[in-house]
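Take a moment to look over the structure below and turn it around in your viewer. Then let us walk through it together, one part at a time.

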Amino acid sequence: MSDTSSATTERPVPTSQMKVSDTDVAIDVVGMHKWYGDFHVLRDIDLRVMRGERIVIAGPSGSGKSTLIRCINRLEEHQEGQIVVNGTELTADLKRIDEVRREVGMVFQHFNLFPHLTILQNLTLAPIWVRGTPKAEAEATAMHYLERVKIPEQANKFPGQLSGGQQQRVAIARSLCMQPRIMLFDEPTSALDPEMVKEVLEVMISLAEEGMTMICVTHEMGFARQVANRVIFMDQGQIIEQNEPETFFSNPQHERTKLFLSQILH
Amino acid sequence: MTYSYTREEMVDAREAPVNTSGPLAWARRNLFATPSDALLTILAFIFLIWAIPPIYGFIAPDAIGGNAVAPGGTVEECRLESAGACWAYISARMSFFIYGFYPPEEYWRPNVVFALGALLLLPLLAPSVPFKRTNAVLFFVVFPIISFYLLNGGVLGMPAVPTEQWGGLMVTLIISLVGIFCSIPLGILLALGRQSSLPIIKTLCIMFIELWRAVPLITVLFMASIMLPLFMPQGVTVDKLLRALVGVTLFSSAYLAEVVRGGLQALPRGQYEAAQSLGLSYWKSMGFIILPQALKHVIPGIVNSFIALFKDTSLVSIVGIFDLLNTVQAASSDIDWSSPTQAITGYLFAGFVFWIFCFAMSRYSVFMERRLDTGHKR
């Protein structure tokens, strides 16, 4: 991975706003296992995320990071154990899945904007058709979030006309339009040109400052240091180590973590 | 020797050199790029010079330098040794080619249907015309009902005209339009069903598609017109044209389903996932996200199916329905107009009419592809 410390601005984060709740559990994963066919991808995952927590998941490729967060909004099905999101347990029940998905936003590595719709339509589609928001109101909300990600002037363009960084910011705004209580980020900057990483990270940092509960799979260690209150390291489908960022980076415990950090921080 | 270099001034874009654009440059690049290209170009020109005049002479009427007999001519002119195509015969039998055995005093009924259909279909096809929803309801719901009662008669004092008397271009258009517009929704549902995670639906759709694709259309039409009545209870008859309509529609929907499936599979999984993660239900994500993109990708394939369907309607002549080709064939034994070029003129005419419709469909599909292109290649 490239050097990432330069990607994030070094302004101090006002920690007062980034309160982590002691009692309100946002996500609770207990003894969770998942297989792809015969392959045991996730093994005995236990993870409790409190409301307001900002968690960064790191680890080598194939360690199951993405699969884990995709289980949290049921893009992937788990076979054993429990996943409870905002108090709703994920089962095969479609109603519960919809309930969870309405409250959990997701940002993908490849943006996955809808190329046949304008930016504004991308943003208003789900609020209108899932939440039943009136069109005018949905558009006002959409413009509000486009301004937050600093591209209101692109509202009537198509995704194909935007740069990668702009597309990813639109993707974040699209999730925010559903006013989710939790945001999942699946390597949001991995497919971007180095010059565009910063603009996306800035949006994510400002979200964190507002107290959004976030789980980010990312290799942006500068971002982890600055924003996360917990870093989780995964390997071979298991959580190997978790700690506060300071301790995680300065004093890793597990051999695999040390090796990984020595590879990416040079 | 040093490798250090810093550009001081940026180079502005210039106009292209003269010999890279214009007709001469085009000819040099495409026709005479190499000696063998030049040779092939010259050979092709010689072939055209040899082939075009006789064809032109056969088709064009004498007024513009050909040997054909223009509409309004007599059968005697057509019987001359030197005569080309006998267009007089086509114009004399035109109403038969258009309406078949429909009673001439009732021609106004199909005419109203034609006019109404054109009036409703054209604005539906033009993207810039407003009121699409009203227009669609009128065309897909109201128009078929009105057309049926107008053509079939038996109401409001209009004499009944049984479908056995329908024929010509009218029947060709009815079969192909009904086939096209009924097979679209059916084909989409079959394609979605084939991708379904519900095993029963999936199996049924696969069986349906594979069965209909594996049987020739002629067999389907024979089965519908000869075997089906054997299985029906005594006294129950289903109209022959209706049976052909159902056969053509089901046959075409199986093909369309496979075309649409190609489009569904070409979409990146991320589109499905993004729709899901926003909480859209299955039907909403299909309707708003997946199908609009998938169908756009397979417009050429869909139109290909429709063109094939349009031409395949001529197979209904085998079960005794008088479509355009069958009327042309029947008229070619008309003694009043018998001449050496009578049959070939008829087939030229039929071929030309089929070509007009198929070419129009093809051009429209190109237009729609361009219009729907939002410049996103992923």
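We begin with how to read the model, move to the place where two chains meet, and then visit some strands and a tryptophan.

This is a predicted model, in which local features need pLDDT of at least 70, side-chain atom pairs count only at pLDDT 80 or more, and totals for chains, interfaces and linings use all residues. Residues are numbered from 1 along each chain as its sequence is written, chains are lettered from A and ligands numbered from 1 in the order in which they are written, and side-chain values use heavy atoms, with hydrogens and water left out.

Let us start where chain A meets chain B. Here 26 residues of chain A are in contact with 20 residues of chain B, where contact means heavy atoms within 4.5 Å. Together the two chains bury about 2100 Å², and 62% of that lies on carbon and sulfur atoms. Buried area is the accessible area (1.4 Å probe) that two parts lose on being put together, summed over both. On the chain A side, P115(A), H116(A) and W129(A) supply 26% of the area that chain A buries against chain B, more than any other three residues.

What holds charges together across this border? The count between chain A and chain B is one salt bridge, that is, a side-chain nitrogen of Lys or Arg within 4 Å of a carboxyl oxygen of Asp or Glu. You can find such a bridge between the side chains of R70(A) and E273(B), at 2.6 Å from N to O. Six residue pairs, both at pLDDT 80 or more, are also found in polar contact across the interface of chain A and chain B. A polar contact is a pair of N or O atoms within 3.5 Å; within protein, one must be able to donate a hydrogen and the other to accept it, and residues adjacent in sequence count only if both atoms are side-chain atoms.

Which elements of chain A take part? At least two residues each come from α2 (94–103), β6 (104–107), α3 (119–131) and α5 (164–176) of chain A. These names follow DSSP runs, numbered from the N terminus: helices are H or I with at least four residues, and strands are E with at least two. The most comes from α3(A), with four residues. The residues on this side of chain A divide into 16 nonpolar, six polar and four charged. In that tally, Ala, Val, Leu, Ile, Met, Phe, Trp, Tyr, Cys and Pro count as nonpolar, Asp, Glu, Lys and Arg as charged, and the others, Gly among them, as polar.

Now cross over to chain B and find S277(B) in helix α12 (residues 269–277). Is S277(B) buried or exposed? At 4% relative accessibility, S277(B) counts as buried; the word means under 20% relative accessible area, with exposed over 50% and partly exposed in between (1.4 Å probe, protein chains only). Not counting residues up to four places away in sequence, S277(B) touches N73(A), L75(A), R101(A), V104(A), M106(A) and F108(A). Within chain B, a polar atom of the S277(B) side chain lies 3.1 Å from the backbone oxygen of A274(B). Other buried residues of α12(B) include G270(B), Q271(B) and E273(B). Their cover includes α1 (65–72), α2, β6 and α5 of chain A, together with α13 (282–297) of chain B. Just after α12(B), G279(B) takes a positive phi of about 90°.

Next, look at the strands of chain A. In β7 (residues 182–186), five of the five residues are buried, so this strand is largely enclosed by the rest of the structure. In a regular strand the side chains alternate between the two faces of the sheet. Both faces of β7(A) are covered, with I182(A), L184(A) and D186(A) on one side and M183(A) and F185(A) on the other.

β7(A) pairs in the parallel sense with β6(A) over four bridges; two strands pair if DSSP finds at least two bridges between them. V104(A) has I182(A) as its bridge partner. Five bridges join β7(A) to β8(A), also parallel, and M183(A) stands opposite M214(A) there.Strand β3 (residues 54–58) of chain A is joined by four bridges to β8(A) (residues 213–217), running parallel, and V56(A) stands opposite C216(A).

Finally, visit W87(B), in helix α4 (residues 87–92) of chain B. W87(B) is buried, with a relative accessible area of 19%. The backbone oxygen of I59(B) lies 2.7 Å from a polar atom of the W87(B) side chain.
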